[in-house]
Amino acid sequence: MPRPATVDHESALISALDLFWRRGYRDLSVHDVTRETGLNRHALYGRYQSKYGLAVVLLERYCAEGTRRLNEILHGAGTPRQRLQKLLYLRDPDCADPFWRCMLDRGCFAMRLVSDMKEEHPEVAEIVSRRTGRVRVVNISEPVELYQLMPPDQPKADELGRGYVAGLE
């Protein structure tokens with residue numbers, strides 16, 4: 001009879017994200033991951049197949065969460081101007097949201113992983129591009145276009161949008 005799992009996999013993933021974000025992909029061993037997350041080698045390999053598989057899962061989750069949060073702002077309540085202001089606030093040093101605050105303090109996890117893995121695993125950049133490209137092209141354009149229809153005494157939306165997109169690149 002198999003033993004019941006004693007590790008909370010959600011907590012292990014949160015710990016692994018923090019570990020990869022702080023130390024990077026190349027500087028971590030499987031031993032480091034198992035010691036810091038509470039996963040044993042069997043669980044790590046059984047669930048994620050490898051350190052690379054775990055890194056990809058973390059990257060996908062991070063990109064999905066960022067996309068979900070951006071969509072909440074871009075398609076949420078408020079005028080186009082208010083939505084763009086909320087979007088710009090995410091880059092403000094006083095931003096209180098823990099997800100964005102962490103990104104401001106540490107830099108983007110996706111970019112950290114891509115830069116760390118680009119030589120051995122160039123396909124990781126494609127994962128990020130596939131997950132985030134739609135947000136930049138489609139979702140940001142709607143509030144910017146609506147904002148451009150606002151009275152001319154308001155700041156130009158293309159300037160606001162360009163400033164935000166420049167921060168993503």
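The legends below accompany several close-up views of a predicted model.

Local features need pLDDT of at least 70 and side-chain atom pairs count only at pLDDT 80 or more, while totals for chains, interfaces and linings use all residues. Residues are numbered from 1 along each chain as its sequence is written, and side-chain values use heavy atoms, leaving out hydrogens and water.

**View 1. The whole chain has ten helices and zero strands.** Helices (H or I, at least four residues) and strands (E, at least two) are DSSP runs, numbered from the N terminus. Of the 169 residues here, 36% are buried; buried means under 20% relative accessible area, exposed over 50%, and partly exposed in between (1.4 Å probe, protein chains only). Among contacts (heavy atoms within 4.5 Å) with a separation of 6 or more, 64% join residues 24 or more positions apart. The chain exposes about 9,900 Å², with carbon and sulfur atoms supplying 54% of it; accessible areas come from the Shrake-Rupley method with a 1.4 Å probe, and for residues only the protein chains shown count as cover.

**View 2. Here is the largest nonpolar core, with 37 residues.** Such a core is a set of buried Ala, Val, Leu, Ile, Met, Phe, Trp, Tyr and Cys residues joined through side-chain atoms within 4.5 Å. F20, L54, L59 and L113 touch the most other members. Helices that each supply at least two residues include α1, α3 (41–48) and α5 (80–89), but α4 gives the most, with ten. Look at L54: leaving aside residues up to four places away in sequence, L54 touches L13, A16, F20, V33, L44 and Y48.

**View 3. Meet I14, a residue of helix α1 (residues 9–23).** I14 counts as exposed because its relative accessibility is 52%. The C-alpha atoms of I14 and L58 are separated by 8.6 Å, although these residues are 44 apart along the chain.

**View 4. Helix α7 has a buried side.** F109, A110, L113, V114, D116 and M117 are buried in α7. They lie on the same side of the helix because they cover an arc of only 170° around the axis, the arc being that of the directions from the helix axis to the C-beta atoms.

**View 5. Cysteines, with a count of zero disulfides.** A disulfide is a pair of cysteine sulfur atoms within 2.5 Å. C108 is in no disulfide, and the nearest cysteine sulfur, that of C63, is 7.1 Å away. C108 is partly exposed at 25% relative accessibility, and C102 is partly exposed with a relative accessible area of 23%.
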